Amino acid sequence: MRSVEESESITGNSSASPAIDFPTLCHRLKITKQKGWIDHGIKGPESIADHMYSMSLMALIADDRFSSL
């Protein structure tokens with residue numbers, strides 16, 4: 001698996017317009033699997049985007065539950 005920075009240097013996309021860079025980065029987050037999961041041999045590792053989505057939902061729930069403490 002390549003990192004986003006490695007992919008940019010290979011494809012030469014670092015000079016692309018920001019309007020193209022952002023969707024490209026978001027797509028890479030969807031297809032790039034979590035390195036820790038891969039390193040530990042876990043089958044069907046989640047993508048970086050999957051992890052970010054789960055963490056954002058947990059943060060929303062935690063904020064609602066603990067803001068009144």
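**Contacts and exposure in a four-helix model**

Among contacts between residues at least 6 apart in sequence, 10% join residues at least 24 apart in the protein. The model is predicted. The protein contains four helices and zero strands, and the order of its elements from the N terminus is α-α-α-α. Of the 69 residues in the protein, 12% are buried. The protein exposes about 5,700 Å², and 62% of that area is supplied by carbon and sulfur atoms.

The loop between helix H3 (35-39) and helix H4 (48-66) includes glutamate 46. Glutamate 46 is buried and has no salt bridge. The nearest side chain of opposite charge belongs to lysine 33, at a distance of 9.3 Å. Side chains of opposite charge can pair when their charged atoms come close. A salt bridge requires a side-chain nitrogen of Lys or Arg within 4 Å of a carboxyl oxygen of Asp or Glu, so the separation of 9.3 Å between glutamate 46 and lysine 33 does not qualify. The side chain of glutamate 46 does make a polar contact of 3.2 Å with the side chain of histidine 51. When neighbours within four places in sequence are set aside, the residues in contact with glutamate 46 are Lys33, Gln34, Trp37 and His51.

Serine 47 is also placed in the loop between H3 and H4. Serine 47 counts as buried because its relative accessibility is 2%, and the cut-off for a buried residue is under 20%. The side chain of serine 47 reaches the backbone nitrogen of aspartate 50 at 3.0 Å. Apart from neighbours within four places in sequence, serine 47 is in contact with Leu29, Lys30, Thr32, Lys33 and Gln34. Lys33 and Gln34 are thus listed for serine 47 and are also listed for glutamate 46.

Alanine 49 lies in helix H4. With a relative accessibility of 23%, alanine 49 counts as partly exposed. Leu29 and Lys30 are in contact with alanine 49, once its neighbours within four places in sequence are left aside. Leu29 and Lys30 are also among the contacts of serine 47. Alanine 49 and threonine 32 are 17 residues apart along the chain, and their C-alpha atoms are separated by 8.1 Å.

A search of the whole structure finds one salt bridge. The side chains of lysine 35 and aspartate 39 meet in a salt bridge, with an N to O distance of 3.1 Å. Both residues, lysine 35 and aspartate 39, lie in helix H3, where they are four residues apart, or about one turn of the helix. Lysine 35 and aspartate 39 are both exposed. For lysine 35, the relative accessible area is 58%, and a residue counts as exposed when this value is over 50%. Lysine 35 is 10 residues from proline 45 in sequence, and the C-alpha to C-alpha distance between lysine 35 and proline 45 is 8.5 Å.

Tyrosine 53 is placed in helix H4. Its relative accessible area is 54%, and tyrosine 53 is therefore exposed. Together with Leu57 and Leu60, Tyr53 forms a nonpolar patch on the surface. The accessible area of Tyr53, Leu57 and Leu60 together is about 330 Å².

Key:
Residues are numbered from 1 along each chain as its sequence is written. This is a predicted model: local features need pLDDT of at least 70, side-chain atom pairs count only at pLDDT 80 or more; totals for chains, interfaces and linings use all residues. Side-chain values use heavy atoms; hydrogens and water are left out. Helices (H or I, at least four residues) and strands (E, at least two) are DSSP runs, numbered from the N terminus. Buried means under 20% relative accessible area, exposed over 50%, partly exposed in between (1.4 Å probe, protein chains only). Lys and Arg count as positive and Asp and Glu as negative; His and the chain ends are not counted. A polar contact is a pair of N or O atoms within 3.5 Å; within protein, one must be able to donate a hydrogen and the other to accept it, and residues adjacent in sequence count only if both atoms are side-chain atoms. Contact means heavy atoms within 4.5 Å. Patches are made of residues with over 30% relative accessible area and no salt bridge: like charges are joined within 9 Å, nonpolar side chains (Val, Leu, Ile, Met, Phe, Trp, Tyr) within 5 Å. Accessible areas come from the Shrake-Rupley method with a 1.4 Å probe; for residues, only the protein chains shown count as cover.
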